[in-house]
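User: I would like a close look at a single part of this protein. Please describe one helix together with the residues that it meets, in terms suited to a first-year student.

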Amino acid sequence: MGIDIYGSLLRSRMILGTALYPTMELMLQAIEASKVDMVTVSLKRELNAGKNNFFWDAIKSHQLKVLPNTAGCRNADEAITIARAAREIFNTNLIKLEVIGDDYTLQPDSLELLKATETLLKEGFQVLPYCNDDLIICKKLITLGCRVIMPYASYIGSGQGIVNPQALALLVNRFSDTSIIVDAGIGTPSDAVKAMEIGVDGIILNSAVALSDDPQKMAEAFSLAIISGRLAYEAKRMPKRDFAKSSTPLQDTPFWHQPFQA
């Protein structure tokens, strides 16, 4: 079972971004290697780029589900405008909502995010908000009607991995009926394994794949890591102990072969 996105099931628990790749060919190779069902696209970035339709044709040819995002927006009004345009262009109510509040850390502006979320949900959008890992903000987003939240692991594009695993674990435990997708900061497949072992439902990646020396191999590595981490979470790890415990039982072992205890 994959990720529940407002009642629609994605088989893959990985969503891949489409920015920053050196070439479109490398982007498509990474998408194929990752085996994802969904990719994110920045409508604002593409509209401002003045490019032809080759990009969109390539995405459509792979029959991928598209998750438009409002990357680059700095306030609620701007994000709402971009979301409305994305719905018209892609014929989807899905929107990955980003409202950035700081140019250095690219952290979300929580107040503007809540404002935009409330408006878009009322207009029938299925909002996937990029947010921080704050319990109260996430609770407010869910109370407004979000069935998916996207807390960051660390700053966008930083590759720092999970800086606050306890916060993510708390979100998983408190909001079991909400799909939690880690968005931003994942740098290596081992980071992805750790996130999935915490119990999150999925991971969005872009920089970690696109900026690697071999995006195709890195995409495949992340795909395997996310599967592995999820399986480990479902299997439940052994309990931690303060002391060693022999994996070989000593019952029926002759006393002279048993370890001496003073």
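Analyst: The following account concerns helix α10 and its surroundings, and then turns to other parts of the chain.

The model is a predicted one. The protein has 10 helices and 10 strands, and 48% of its 262 residues count as buried. Of the contacts between residues at least 6 apart in sequence, 66% join residues at least 24 apart.

Helix α10 covers residues 215–235, and S223 has its place within this helix. Is S223 buried or exposed? Its relative accessibility is 11%, and S223 therefore counts as buried, since the cut-off for that class is under 20%. When neighbours within four places in sequence are left aside, the residues in contact with S223 are M14, A33 and S34. With S34 there is also a polar approach: a polar atom of the S223 side chain lies 3.3 Å from the backbone oxygen of S34.

Two of these partners, A33 and S34, lead to helix α1, which spans residues 24–34. Both are buried there, as are M27, L28, A30 and I31. Just after α1 comes K35, whose phi is positive, at about 60 degrees.

K35 leads in turn to S12, which touches K35 as well as I3, V36 and D37, not counting residues up to four places away in sequence. S12 is located in the loop that runs between β2 (8–10) and β3 (14–17). Its relative accessible area is 12%, so S12 is buried. The other partner of S223 named above, M14, appears again here: the backbone nitrogen of M14 lies 3.1 Å from a polar atom of the S12 side chain.

Helix α10 also packs against another helix. A pair of packed helices is described by the angle between their axes and by the distance between those axes. For α8 (residues 189–198) and α10, the angle is about 25 degrees and the axes are 7 Å apart. Because angles under 35 degrees count as roughly parallel, α8 is roughly parallel to α10. The crossing of these two helices is right-handed.

Which residues of α8 and α10 meet? On the side of α8 they are P189, A192, V193, M196, E197 and I198. On the side of α10 they are M218, A221, F222, A225, I226, G229, R230, A232 and Y233. By type, the residues of this contact comprise 12 nonpolar, 1 polar and 2 charged.

A further helix pair may be described in the same terms. Helix α5 (residues 110–122) packs with helix α6 (residues 135–144) at an angle of about 10 degrees, and their axes are 10 Å apart. This angle makes α5 roughly parallel to α6. From α5, the residues S110, L113, L114, T117, E118 and L121 meet I137, K140, L141 and L144 of α6. The residues of this contact divide into 6 nonpolar, 2 polar and 2 charged.

Finally, T70 offers another example of a buried loop residue. T70 is found between β5 (65–69) and α4 (76–90), and with a relative accessible area of 0% it is buried. Apart from neighbours within four places in sequence, T70 is in contact with A79, I82, A83, I95, K96, L97 and E98. The C-alpha atoms of T70 and I80 are 8.4 Å apart in space, while the two residues are 10 residues apart in sequence.

Terms used. Residues are numbered from 1 along each chain as its sequence is written. This is a predicted model: local features need pLDDT of at least 70, side-chain atom pairs count only at pLDDT 80 or more; totals for chains, interfaces and linings use all residues. Side-chain values use heavy atoms; hydrogens and water are left out. Helices (H or I, at least four residues) and strands (E, at least two) are DSSP runs, numbered from the N terminus. Buried means under 20% relative accessible area, exposed over 50%, partly exposed in between (1.4 Å probe, protein chains only). A polar contact is a pair of N or O atoms within 3.5 Å; within protein, one must be able to donate a hydrogen and the other to accept it, and residues adjacent in sequence count only if both atoms are side-chain atoms. Contact means heavy atoms within 4.5 Å. Axes are lines fitted to C-alpha atoms, for helices over the stretch in contact, and angles run from 0 to 180 degrees between N-to-C directions. Angles under 35 degrees count as roughly parallel, over 145 as roughly antiparallel, 65 to 115 as roughly perpendicular and the rest as oblique. Ala, Val, Leu, Ile, Met, Phe, Trp, Tyr, Cys and Pro count as nonpolar, Asp, Glu, Lys and Arg as charged, and the others, Gly among them, as polar. A crossing is left-handed if the near helix is turned anticlockwise from the far one by less than a right angle, and right-handed if clockwise.
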